[in-house]
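Here is a quick tour for anyone meeting this protein for the first time. Have a look at the picture, then read on.

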Amino acid sequence: MDLIWLKETVCPACGGKFQSENVRQNKLAQVQVDEDFHTHYEPLSPLYYSVVVCPDCFFAERRQNFEEIKGKPLLAVKSGTGALRQMSGGFNFRLILTFELALKSFELGALTTQLKGDTSDVIGGMYLRAAWVCREVGDEKLENLYLRKTLEYYEKAYMNEATEFGQLGTCGFQYMLGEIYRRIGNMEKALELYMRACANKELRQKPQVERLARDQLAAAKAMVKAQ
Ligand SMILES: [Zn+2]
């Protein structure tokens with residue numbers, strides 16, 4: 001069973017051609033969903049393949065957006081290739097993806113989306129992927145570091161930018177913020193954000209978020225009380 005297939009890909013930023021690794025998601029088994037919606041699969045992690053990196057200029061984007069860039073964002077990326085190259089740190093993206101290459105792909109993705117002028121939740125999402133692959137290999141210290149980076153951008157998105165936060169909606173985003181705060185050990189902020197999510201009128205339309213938010217709020221309250 002071939003889980004990986006190669007796709008001939010053309011980089012929109014430099015025109016270089018390369019083979020990108022793709023995963024057959026329907027052949028993976030879902031084994032666990034964490035409270036922050038991270039889904040674990042076996043026998044491999046599809047996250048490793050979620051951001052494509054051009055091995056020539058290091059333009060890095062989510063797979064579904066990779067070939068879509070044009071106009072002003074494309075010009076901005078082209079003018080930022082020096083910074084991307086510097087961040088690449090000499091990694092060879094023509095090789096088979098490893099944990100180190102995957103982490104680097106998310107950092108390059110965070111820089112690319114910043115150059116493009118994407119909203120902070122998109123940039124934060126790159127760091128969240130990095131935190132998740134660290135969790136998959138059991139590196140808590142590094143996971144924590146990337147969760148903090150995620151928060152930095154998610155807080156910015158939450159405070160300053162009018163965005164719909166994708167499928168999560170505002171209540172789901174409040175819940176996610178609470179969940180990340182809990183994971184880095186800030187129970188006070190976690191409680192505050194869980195409460196905001198639970199008080200949000202949108203919550204009823206998101207049954208999965210509603211169940212998690214109420215459960216996590218109750219657990220956090222019990223934990224604070226026990227301290
Ligand atoms: Zn390129």
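How many helices and strands does the protein chain have? The count is eight helices and six strands. Keep in mind that what you are looking at is a predicted model. Walk along the protein chain from the N terminus and the elements come as β-β-β-β-β-β-α-α-α-α-α-α-α-α.

**Overall build**

The C-alpha trace of the protein chain spans about 55 × 40 × 35 Å along its principal axes. A compact globule of 227 residues would have a radius of gyration near 17 Å, and the protein chain has 19 Å, which agrees. As for burial, 39% of the 227 residues count as buried. Among contacts with a separation of 6 or more, 57% are between residues 24 or more positions apart.

**Two domains**

The protein chain splits into domain 1 (4–163) and domain 2 (165–227). Their centres, taken over C-alpha atoms, are 26 Å apart. Where the two meet, eleven residues of domain 1 are in contact with ten residues of domain 2. Which helix gives the largest share of domain 1's side? That would be helix α5 (residues 140–160), with seven residues. Sorted by class, the domain 1 side has four nonpolar, three polar and four charged residues.

**A pair of helices**

Now turn to helix α3 (residues 99–116) and helix α4 (residues 120–136). Their axes come within 8 Å and cross at roughly 170 degrees. Angles over 145 degrees count as roughly antiparallel, and α3 and α4 are therefore roughly antiparallel to each other. On the α3 side, the contact includes Phe99, Leu103 and Phe106; on the α4 side, Val122, Ile123 and Met126 are among the residues taking part. The residues of this contact divide into eleven nonpolar, three polar and one charged.

Helix α3 is also home to Leu111. Setting aside neighbours within four places in sequence, Leu111 is in contact with Ala83, Leu84 and Met87. Val224 sits 113 residues from Leu111 along the chain, and their C-alpha atoms are separated by 38 Å.

**Buried or exposed?**

Here are four residues side by side, with the number of other C-beta atoms within 10 Å of each.

| Residue | C-beta atoms within 10 Å | Status |
|---|---|---|
| Leu111 | 22 C-beta atoms | buried |
| Phe58 | 26 C-beta atoms | buried |
| Phe37 | 17 C-beta atoms | partly exposed |
| Lys201 | 8 C-beta atoms | exposed |

Why does Phe58 count as buried? Because a residue is buried if 20 or more other C-beta atoms lie within 10 Å of its own, and Phe58 has 26 such neighbours.

Lys201 is in the loop between α7 (187–199) and α8 (207–226). The C-alpha atoms of Lys201 and Thr170, 31 residues apart along the chain, are separated by 9.9 Å.

**Backbone oddities in the loops**

A few loops between strands are worth a look for their backbone angles. Phe37 is found in the loop between β3 (29–33) and β4, and its phi is near 75 degrees, a positive value in a residue other than glycine. Phe58, in the loop between β5 and β6 (60–62), has a positive phi too, about 70 degrees, although Phe58 is not a glycine.

Which peptide bond is cis? The one from Glu42 to Pro43, with omega near 5 degrees. Pro43 lies in the loop between β4 (39–42) and β5 (51–53).

Terms used:
Residues numbered from 1 in each chain as written. Predicted model: local features only at pLDDT ≥ 70, side-chain atom pairs only at ≥ 80, totals over all residues. Helix = DSSP H or I, 4+ residues; strand = E, 2+ residues; numbered from the N terminus. Rg over C-alpha atoms; globule rule 2.2 N^0.38 Å. Buried ≥ 20, exposed ≤ 12 C-beta atoms within 10 Å, placed from the backbone. Contact = placed C-beta atoms within 7 Å. Domains from an automatic or database assignment. Nonpolar A, V, L, I, M, F, W, Y, C, P; charged D, E, K, R; others polar. Axes fitted to C-alpha atoms, helices over the stretch in contact; angles between N-to-C directions. Parallel < 35°, antiparallel > 145°, perpendicular 65-115°, else oblique.
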